[in-house]
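Good morning, colleagues. My topic today is the internal cavities of one protein model, and I ask you to keep the structure in view as I speak.

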Amino acid sequence: METPKRDDTRRESERYTPRGLLPLLTLTMALSMFVLFALGALGPMLLTDLDLTRAQWGSLTAVAFGTASALSLVAGHLTDVIGGRRALVALLLTVAVVFALLPAAHGHALLLVALVLAGGAQALANPATNHLIARRLPADRRAGAVGVKQSGVQLGAFTAGLAVPALAAATSWRVTLALVVPVALAAATAALLLPRDGPRAAGTPRPTPPAPPNRPARWLILHSLGIGTALAAITTHLPLYAHEELGMGTRASGALVAALGGAGIVARVVWTRLSGRMSDISVPLLVLAALALCFVPLIPAADHLPPLIWVAALGLGGSAVAANAVSMVAVVRDPTFGPTGHASALVSAGFFGGFVVGPLGFGLLADSPAGYPAAWTLTALAFLVSMVGAWRVHRVLAA
């Protein structure tokens, strides 16, 4: 009878919510993706200073998220083995290294090395944070907590869009990126102060090697792939498009990322709370993808009516940005998709896979004779793919 008592004590300990846990997880999510938004906001400066082509520029994001997508296949398993606290510390230390390397770059090569490391941090972000939420929060608080911590990604976008161009203009882009290092180190210190990862329950088998996704998870991965493809293309290239085609200055084009992020913060909190109350999680997934598809044509239309670019940024922030957070709610609350850590990692792999395809494909099309119209068409088609995935999730869950 001793073992059940020890197990009960372990479960009680794991349900204790450390003070400041949710703000730390939110900051972690912001830092894990901050490289994407910071480089996006600095795009016009870096292309000029480092003499990069738009295809090379797209390749940076592609390399980061290609790494993240590949490592996500084992990140959930790794988090289960080493624990959420250790995974969080490893993630934040990696972010610090990334932002120490970026300012030292004088060409494409070192940027690529830094972005590979950034991909490792991104692969751990959802498994580590979801693991801690599942272990430390009661069931009735998890959906809301997922929404809050996922909003950290867009908090990063909002901060990057407003602060990064201004800081870069006042100092330099190298100094601006280096300022992230002490923030990441402070967050890693806070993570070290969290309660230690609890021991395994007696008789609990060790995690098995990563298993392939089941049928519902496969369709959710397709949905995330479409969302990731479109969202990465938009986040990486929208400021550059506004600067080159609409004549917007560096600060104004960077503010588009802030608008996208600001709308995304609100949308992620609102939509995750709503989806947590819905019996069919596929409904908000389908609605959000459809709404995002409707906003894409406003971007090229801004050539004739410039204010539409702001409507598009706000609309895409309020729809596409929220979709990935709702996917995380799905895997945290519903065991149909598989074990939480593993399912989170697999869905993240699809999302990050889209971050490979989107910026690289967009950059290649934008540099081709077809130009930006073909690139925005690719973005719209990606949202259409995400709609198909959401519809198939609905059919599978309803069967």
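The lining of the second largest cavity divides into six nonpolar residues and three polar ones, with no charged residue. Please bear in mind that this is a predicted model. The residues in question are V35, L36, L39, G40, W57, L60, T61, L115 and T236. Two helices, α2 and α4 (54-82), each supply at least two residues of this lining. Its largest share, four residues, is contributed by α2. As for volume, the second largest cavity holds about 70 Å³ of space.

Let me now place this cavity in its wider setting. How many cavities of 30 Å³ or more does a search of the whole structure find? The search returns three.

I turn to the largest of them, in which about 120 Å³ of space lies. It is lined by 17 residues, and those closest to its centre are M33, V153, R268, N324 and F351. Several elements give two or more residues to this lining, namely α2 (21-41), α6 (108-136), α7 (139-170), α10 (215-245) and α15 (340-367). Which of the elements provides the largest share of the lining? That is α2, with five residues. In terms of character, the lining of the largest cavity comprises 10 nonpolar residues, six polar residues and one charged residue.

To conclude, I would draw your attention to α2 once more. This helix gives the largest share of the lining in the largest cavity, and it gives the largest share in the second largest cavity as well. Thank you for your attention.

Technical notes. Residues are numbered from 1 along each chain as its sequence is written. This is a predicted model: local features need pLDDT of at least 70, side-chain atom pairs count only at pLDDT 80 or more; totals for chains, interfaces and linings use all residues. Side-chain values use heavy atoms; hydrogens and water are left out. On a 1 Å grid over the protein atoms alone, a cavity is a set of points where a 1.4 Å probe fits but cannot get out, and a pocket is an open set with protein on both sides within 12 Å along at least five of seven lines; lining residues have an atom within 4 Å of a point. Grid points are joined across faces, edges and corners, and a volume is the space filled by probe spheres set on the points. Ala, Val, Leu, Ile, Met, Phe, Trp, Tyr, Cys and Pro count as nonpolar, Asp, Glu, Lys and Arg as charged, and the others, Gly among them, as polar.
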